[in-house]
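Welcome, and thanks for opening the viewer. Could you walk me through this structure, telling me what to select at each stop and what I will find there?

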Amino acid sequence: MKVSVDSDRCRGHGVCAALCPDIFELTDDGYAEARNPVVPDDRVDAAADAADACPEHAVVVT
Ligand code: F3S
């Protein structure tokens, strides 16, 4: 699984980083980005939950 954050959609709600701080971080601007686009196998479920929880549907999972 790979994740990324669509910067056009992200509004800085921070749910992704709160749920998965090892996968997402907030930049100084307050928007999220993926720390590492490749999600470890043992974090796939958590990353999927974070994607589902984003109110802007800004987390892209491939
Ligand atoms: Fe942005 Fe959604 Fe995370 S709005 S900060 S990608 S919860």
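Start by selecting C20 in this predicted model. Is C20 buried or exposed? C20 is buried, because its relative accessible area is 0% and the cut-off for burial is under 20%.

Keep C20 selected and look for other cysteine sulfurs. Which cysteine has the sulfur closest to that of C20? The one in C16 does, and the two sulfurs are 8.4 Å apart, so they are too far from each other for a bond. A disulfide would need the pair to lie within 2.5 Å. Across the whole structure, the number of disulfides is 0.

**Stop two: C16**

Now move your selection to C16, which you will find in helix 1, residues 15-19. C16 counts as buried because its relative accessible area is 8%. For a sense of scale, add S4: its C-alpha is 11 Å from that of C16, and the two residues are 12 apart along the chain.

**Stop three: the cavity**

With C16 still on screen, turn to the empty space. A probe the size of a water molecule, rolled over the atoms, reveals where such space remains. How many cavities of 30 Å³ or more does the structure hold? There is 1. The largest cavity has a volume of about 70 Å³. It is lined by 13 residues, and those closest to its centre are C10, H13, G14, C16 and C54. Try colouring the lining by class: 8 of its residues are nonpolar, 3 are polar and 2 are charged.

**Stop four: the ligand**

Next, select the ligand. Where does it sit? The ligand is in the largest cavity. Around the ligand are 13 residues, the closest being C10, R11, G14, C16 and C54. Coloured by class, this shell shows 8 nonpolar, 3 polar and 2 charged residues.

Pause on C54, which is named among the residues closest to the ligand. C54 counts as buried because its relative accessibility is 11%.

**Stop five: H57**

From C54, step along the chain to H57. This residue lies in the loop that runs between helix 2 (44-53) and strand 4 (59-61). Is H57 buried or exposed? H57 counts as exposed, because its relative accessibility is 55% and the cut-off is over 50%.

Take a look at the backbone here too: H57 has a positive phi of about 55 degrees, although it is not a glycine. Then add D6 to the selection. H57 and D6 are 51 residues apart along the chain, and their C-alpha atoms are separated by 8.6 Å.

**Stop six: S4**

Go back to S4, which belongs to strand 1, residues 3-5. S4 counts as partly exposed because its relative accessibility is 33%. Add T27 and draw a line from C-alpha to C-alpha: the two residues are 14 Å apart in space and 23 residues apart in sequence.

**Last stop: D41**

Finish by selecting D41, in the loop between strand 3 (32-34) and helix 2. D41 counts as exposed because its relative accessibility is 73%. How far apart are D41 and G14 in space? Their C-alpha atoms are 23 Å apart, with their positions 27 residues apart in sequence. G14 will be familiar from the cavity stop, where it is among the lining residues closest to the centre.

Note on methods
Residues numbered from 1 in each chain as written. Predicted model: local features only at pLDDT ≥ 70, side-chain atom pairs only at ≥ 80, totals over all residues. Heavy atoms only, no water. 1 Å grid on protein atoms, 1.4 Å probe; cavity = no way out; pocket = protein on both sides within 12 Å on 5 of 7 lines; lining within 4 Å. Points joined across faces, edges and corners; volume = space filled by probe spheres on them. Nonpolar A, V, L, I, M, F, W, Y, C, P; charged D, E, K, R; others polar. Near = heavy atom within 4 Å. Sits in = over half its atoms within 2 Å of the grid points. Buried < 20%, exposed > 50% of the residue type's maximum accessible area, 1.4 Å probe, protein only. Helix = DSSP H or I, 4+ residues; strand = E, 2+ residues; numbered from the N terminus.
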